[in-house]
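Hi,

Here is the structure I promised to pass on. Have a look at it first, and then read my notes below.

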Amino acid sequence: MSETQNTPVSGLVAGQLAAAVQTQEHLEISKSTIEQLGALTVAAAGVRSLGDAHFLVLPPEYKHVDVTKAIEGALPEPHRKSGIVVMSDLPSFLKYVADQATPSSCYIYAHPDTRALVAVLNDHGQGFNGMPAWRDFRVSYTAELSREFATWYKNDRKPMEQEEFAVFLEDNVADISEPSGETMLQVALTLQAKTEVAFSSHRRLDNGQVQLTYTENIDARAGAGDIMIPREFALGLRLFKNGDGYKVRARLKYRLGGGKVKFWYELDRVENAIEDAFNAYVEQARASGYPVLIGRP
């Protein structure tokens, strides 16, 4: 703030003093009034600066005014970098880190539980004599589950009626790698076609499949048959958005009761697969040359 900008305040104070002197034979000026006018004169001296901070010194009866942001906002550029940037994929995250920070002034924090990477680009300096820093300039990336994997993950261990399970298989058969998609599609279509039958027994076969035996009545004629379903299958799909493909094994389960059958599947150690996929991202961050710590900033 320039000296000319303070003139109106100091001029006002001077005018008040002159008027008081001219009329002092008719007006008694109290000691408190003189002190207040003196304080206003000091306040009119202008903006004080302490480093990058700017403020006004005012009497006790007046509020403190911090004008740092207002003054900095009028500058062509800020004194330092700050802010939070959110990236949607790992390459963009690593590119931004490389452009904005050096390995000696930046730590990357990896948090497996939330699958998040956060780089503090103006972190405290490294080493015994590291200098303190503001730690308010950051970039983050969170590994989000892919749409297809989120569907399987959400329905893990969820019992479904026969037709509901058949529709689920048919809708998501493209994610199944073993046995072939055609085989699983045939299982789904068979289950859909046999919704009005009564299941009577089941047995496990040596080839790894399960045989479900059923009876049905068609035009008053009794009939019987078997449905073969696999005991296990494997998914081949991306765990994270924009990520690599993974194989996740699953066990197919069922329960007979009252002539009806319910199906569900159990993903095999799926949390380990997610952890392994995130660890691959952590290793890519380490390979960039920046120090990686496990935790939160």
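Let me start with the pockets: the largest one has a volume of about 240 Å³. Keep in mind that this is a predicted model. The lining of that pocket is made up of Asp52, Ala53, Thr68, Glu72, Pro78, His79, Arg80, Ser82 and Trp134. By character, the lining residues split into 3 nonpolar, 3 polar and 3 charged.

Next, the aromatic rings. Searching the whole structure turns up 11 aromatic pairs. One of them joins Trp152 and Phe168, an edge-to-face pair with 5.0 Å from centre to centre and 80° between the planes. Trp152 sits in helix α5 (residues 147-154) and Phe168 in helix α6 (residues 162-171), so this pair ties together parts that are 16 residues apart in sequence. And are these two rings buried or exposed? Trp152 is buried, with a relative accessible area of 0%. Phe168 counts as buried too, at 10% relative accessibility, since the cut-off for buried is under 20%.

Trp152 has another partner in Phe233: their ring centres are 5.9 Å apart and the planes meet at 50°, so this pair is tilted. Here the link is between distant parts of the chain, with Trp152 in helix α5 and Phe233 in strand β13 (residues 232-238), 81 residues apart. Phe233 is also buried, its relative accessible area being 1%. If you follow the ring pairs along, Trp152, Phe168, Phe233 and Tyr265 come together as a cluster.

Now for the nonpolar core. The largest one contains 54 residues, and those that touch the most other members are Phe93, Val97, Ile108, Leu117 and Phe240. Helix α8 (residues 270-287) gives the most to this core, contributing 8 residues. If you want one residue to click on, try Ile108. Leaving out neighbours within four places in sequence, Ile108 is in contact with Phe93, Val97, Leu117, Val118, Ala119, Ala285, Tyr290, Pro291, Val292 and Leu293.

Finally, some backbone details. Most residues other than glycine have a negative phi, and most peptide bonds are trans, so the following spots caught my eye.

- The peptide bond from Glu178 to Pro179 is cis, with omega near -15°. Pro179 is in the loop between β9 (176-178) and α7 (181-193).
- Arg115 is not a glycine, yet has a positive phi of about 55°. You will find Arg115 in the loop between β5 (107-111) and β6 (116-120), and it is partly exposed, with a relative accessible area of 21%.
- Asn242 is not a glycine either, and has a positive phi of about 60°. Asn242 belongs to the loop between β13 and β14 (245-257). At 56% relative accessibility, Asn242 counts as exposed.

That's what I have for now. Shout if anything is unclear.

Cheers

Methods: Residues numbered from 1 in each chain as written. Predicted model: local features only at pLDDT ≥ 70, side-chain atom pairs only at ≥ 80, totals over all residues. Heavy atoms only, no water. Phe/Tyr/Trp six-rings, centres within 6.5 Å; stacked < 30°, edge-to-face > 60°. Helix = DSSP H or I, 4+ residues; strand = E, 2+ residues; numbered from the N terminus. Buried < 20%, exposed > 50% of the residue type's maximum accessible area, 1.4 Å probe, protein only. Core = buried A, V, L, I, M, F, W, Y, C linked by side-chain atoms within 4.5 Å. Contact = heavy atoms within 4.5 Å. 1 Å grid on protein atoms, 1.4 Å probe; cavity = no way out; pocket = protein on both sides within 12 Å on 5 of 7 lines; lining within 4 Å. Points joined across faces, edges and corners; volume = space filled by probe spheres on them. Nonpolar A, V, L, I, M, F, W, Y, C, P; charged D, E, K, R; others polar.
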